[in-house]
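Grab a pencil and let's work through a few short exercises together. Each one has a task, then a solution you can follow step by step.

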Amino acid sequence: LTFTPAVGSVGSLEALVKVSTSRGVTELRAFGLSAATFEGAGEATLSRVVDTLGFKVDVGGDQLSLGTDPEPIGEEVLAPLFVKAGSGPVTMTPVARYSPAFELPFGFYLPDGVTPMMQVLGSLSDSASSAEHQKLFPSMSSGGVEFDPGSDPFGCFTTSATHSIFTEDALNVALHPEYVEHGVRAYPYVDRRGILVPDAWLIGFEEATNGDYQDYVFLLRNARLHL
């Protein structure tokens, strides 16, 4: 299937796909996200990202800028650190990216004052061959999405061309005070059926200072809050 929205069609779009076989017709729902412009003020908002992905989550507004105040908005939960919830690995899967174009390492870290022990899991691709920095499900140039922190509390991070962003506000302030203090907003994952998925989180990173929180968006699974 190729997603080719009509001119002027902006937002979360849906189509019904009918597949005919010798056994009959199967109907599938297909979803796509169309932005008003490429980059800038016309980018897809975080609310449209979650609408298209089918996450029944109130992110705190439908506008592009959600503000950068550290207080939680919508259904956000303050989640600076997590711990592994059950057996098997934790996964940090990229589901959206609306940022400048560059290769982006991401991963998890173990807190250690202002010198966190950072472990890169993978890197989101640059946009040399296609617009990987303005889409849902951006491609990765290397690495994977699984890790095992053991029983230790951990946070998540991304590293752009200018700085790293951490789920802990205190680290953002200590290491990169010229950027946003509240660099990550985290929301419990509720699926398209409206069912809360245990130990799963939507986490959106703010790259600059405009407060859109859809620069890099990940689905974190098998993690619970570190209290």
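Below are three exercises on single residues of this predicted model.

**Exercise 1.** Work out where glutamate 76 lies, whether it is buried or exposed, and what its side chain pairs with.

*Solution.*
- Step 1: Start with the chain. Glutamate 76 sits in the loop that links helix H1 (46–53) to strand E3 (82–84).
- Step 2: Check the accessibility. Its relative accessibility is 7%, and buried means under 20%, so glutamate 76 is buried.
- Step 3: Look at what glutamate 76 touches. Leaving out residues up to four places away in sequence, the list includes Asp58, Glu71, His182 and Tyr187.
- Step 4: Now pick out the polar partner. The side chains of glutamate 76 and arginine 185 make a polar contact at 2.7 Å.

**Exercise 2.** Find the loop that holds tyrosine 213, then say what stands out about its phi.

*Solution.*
- Step 1: Tyrosine 213 belongs to the loop between strand E13 (196–205) and strand E14 (216–221).
- Step 2: Its phi is positive, about 55 degrees, although tyrosine 213 is not a glycine.
- Step 3: Why does that stand out? Because most residues other than glycine have a negative phi.
- Step 4: Tyrosine 213 has a relative accessible area of 0%, so it is buried.

**Exercise 3.** Do the same for asparagine 222: place, phi and burial.

*Solution.*
- Step 1: Asparagine 222 is in the loop between E14 and strand E15 (223–225).
- Step 2: Its phi is positive too, about 60 degrees, and asparagine 222 isn't a glycine.
- Step 3: With 16% relative accessibility, asparagine 222 counts as buried, because the cut-off is under 20%.

Methods:
Residues are numbered from 1 along each chain as its sequence is written. This is a predicted model: local features need pLDDT of at least 70, side-chain atom pairs count only at pLDDT 80 or more; totals for chains, interfaces and linings use all residues. Side-chain values use heavy atoms; hydrogens and water are left out. Helices (H or I, at least four residues) and strands (E, at least two) are DSSP runs, numbered from the N terminus. Buried means under 20% relative accessible area, exposed over 50%, partly exposed in between (1.4 Å probe, protein chains only). A polar contact is a pair of N or O atoms within 3.5 Å; within protein, one must be able to donate a hydrogen and the other to accept it, and residues adjacent in sequence count only if both atoms are side-chain atoms. Contact means heavy atoms within 4.5 Å.
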